[in-house]
Every structure is written in C-alpha cells, then in structure tokens.
Amino acid sequence: MSESKDWASVQAALKAPFNPRALSWRKQGGIDLAYLNARDVMKRLDDVVGIENWQDRYEECSGRVICYISIRVEGEWVTKADGSGDTKIEGDKGGISGAFKRSAVRWGIGRYLYYLKPGASANNLPAWAIPNE
C-alpha cells in the first residue's frame, strides 16, 4: 500500500458497500440472505491495499478451516482470522471460501450485509448499503 494512503481512507474503502450486482442471494430460514463471492473480496483487497500488501493462509482446527488474512498496515503485517466448516456444496472448497469471506468480514469487507433487515433483497436495499458511485 502506498505510503500516501492514510489508514482511515483504506478502512473506509475496505468497508464500502459493493455494487448490488456483485451480491448473491440465498434462502435461509425462509429469508433472503446476501453474500459475496470470494473473488469479489479478493478484488476489493487488491484494489484497496494492492496485491503485494495482503496475504492469506489456512489451517485446519477441529474439522474447521481457519483463514488468516494479513494486511500490511504502515509497514507492519496485521492479521485477522475466522473459520468455517465444510459446506454442503463443494465441501472442502466451500469451507475454505467461507473461512476466507468470514476473515474478510473482520477487516470490514461485506460486514454491512449482516445488518440488512429481514426482507431485504436486491431490489430494495437501504441507501447505506448502496455505494456512492
């Protein structure tokens, strides 16, 4: 990440809402839930901090995959982690992808999706969940 970027602007860019077209939706417990594709999360990291300033690694712990995402902040590596079990779709790969996306939420990426009210959909997102483009 270039030294000219201040950390507050990087944090804001990581947390920024995604274009609604980037969201995927699934039913869970009778309500629609929005989620992101792991590749969109990778692109956000590349675009905001640069491909050379973030890295991920994985460990297995009690049947769960733990993903560690590290970002170089003012010259130092800072790491945040979260995990996921295997998924019903694509098993191991789904667990790795899920752990990556959960770890990214620790950095603020896509965290806003957890605050959408039941009944939200691609057609009725609140203004705070739509990027200022």
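Visitor: Let me start with one residue: is Ala120 buried or exposed?

Guide: Buried, and here's how to read that. This is a predicted model, and the label rests on relative accessible area, with buried meaning under 20%. Ala120 has 8%, so it counts as buried.

Visitor: Where does Ala120 sit in the chain, and which residues does Ala120 contact, leaving aside neighbours within four places in sequence?

Guide: Ala120 belongs to the segment after H3. With those neighbours set aside, Ala120 is in contact with Trp25 and Asp32. There's also a long jump in sequence here: Ala120 and Ala34 are 86 residues apart along the chain, yet their C-alpha atoms are 8.6 Å apart in space.

Visitor: And chain-wide, what percentage of the residues is buried?

Guide: Of the 133 residues in the chain, 36% are buried. As for contacts with a separation of 6 or more, 52% of them come from residues 24 or more positions apart.

Visitor: OK, zooming out. How many helices and strands are there, and in what order do the elements run?

Guide: You'll find three helices and five strands. Reading from the N terminus, the pattern is α-β-β-α-β-β-β-α.

Visitor: How should I read a sheet in general, and what is the strand order of the three-stranded one here?

Guide: The general idea is that strands of a sheet pair through backbone hydrogen bonds, in a parallel or an antiparallel way. In this model the three strands make an open sheet, ordered S3-S4-S5, and the pairing is antiparallel. The edge positions go to S3 (54-61) and S5 (76-84); each has a single partner strand, so one side of each has no neighbour in the sheet. From one strand to the next, the twist averages 20 degrees.

Visitor: How many bridges join S3 and S4?

Guide: Eight, in the antiparallel sense, with S4 covering residues 64-73. To check the register by eye, find Tyr58, whose bridge partner in S4 is Cys67. Then look at Glu59, which stands opposite Ile66 in S4.

Visitor: What joins S3 to S4, and which turn residue has a positive phi?

Guide: The two strands form a hairpin with two residues between them, and Ser62 in that turn has a positive phi of about 50 degrees.

Visitor: Which helix lies across S3 and S4?

Guide: That's H2, residues 38-49, which runs at about 145 degrees to S3.

Visitor: Let's try a residue on S5. What does Val78 touch?

Guide: Val78 is in strand S5. Beyond residues up to four places away in sequence, Val78 touches Ile69, Ser70, Ile71, Val73 and Trp107. Val78 still counts as partly exposed, because its relative accessible area is 32%. For a distance check, take Trp54: Val78 is 24 residues from Trp54 in sequence, and 9.4 Å from Trp54 in space, C-alpha to C-alpha.

Visitor: Last stop, the surface. Which residues make the nonpolar patch of about 420 Å²?

Guide: Tyr114, Tyr115 and Trp128 make that patch. Trp128 is in the segment after helix H3 (91-106). With a relative accessibility of 45%, Trp128 is classed as partly exposed.

Visitor: And how much area does the chain expose in total?

Guide: About 8200 Å², with 51% of it supplied by carbon and sulfur atoms.

Key. Residues numbered from 1 in each chain as written. Predicted model: local features only at pLDDT ≥ 70, side-chain atom pairs only at ≥ 80, totals over all residues. Heavy atoms only, no water. Pairing = 2+ DSSP bridges. Helix = DSSP H or I, 4+ residues; strand = E, 2+ residues; numbered from the N terminus. Axes fitted to C-alpha atoms, helices over the stretch in contact; angles between N-to-C directions. Contact = heavy atoms within 4.5 Å. Patch = residues over 30% accessible without salt bridge, like charges linked within 9 Å, V, L, I, M, F, W, Y side chains within 5 Å. Areas by Shrake-Rupley, 256 points an atom, 1.4 Å probe, with all protein chains shown as cover. Salt bridge = Lys/Arg side-chain N within 4 Å of Asp/Glu carboxyl O. Buried < 20%, exposed > 50% of the residue type's maximum accessible area, 1.4 Å probe, protein only.
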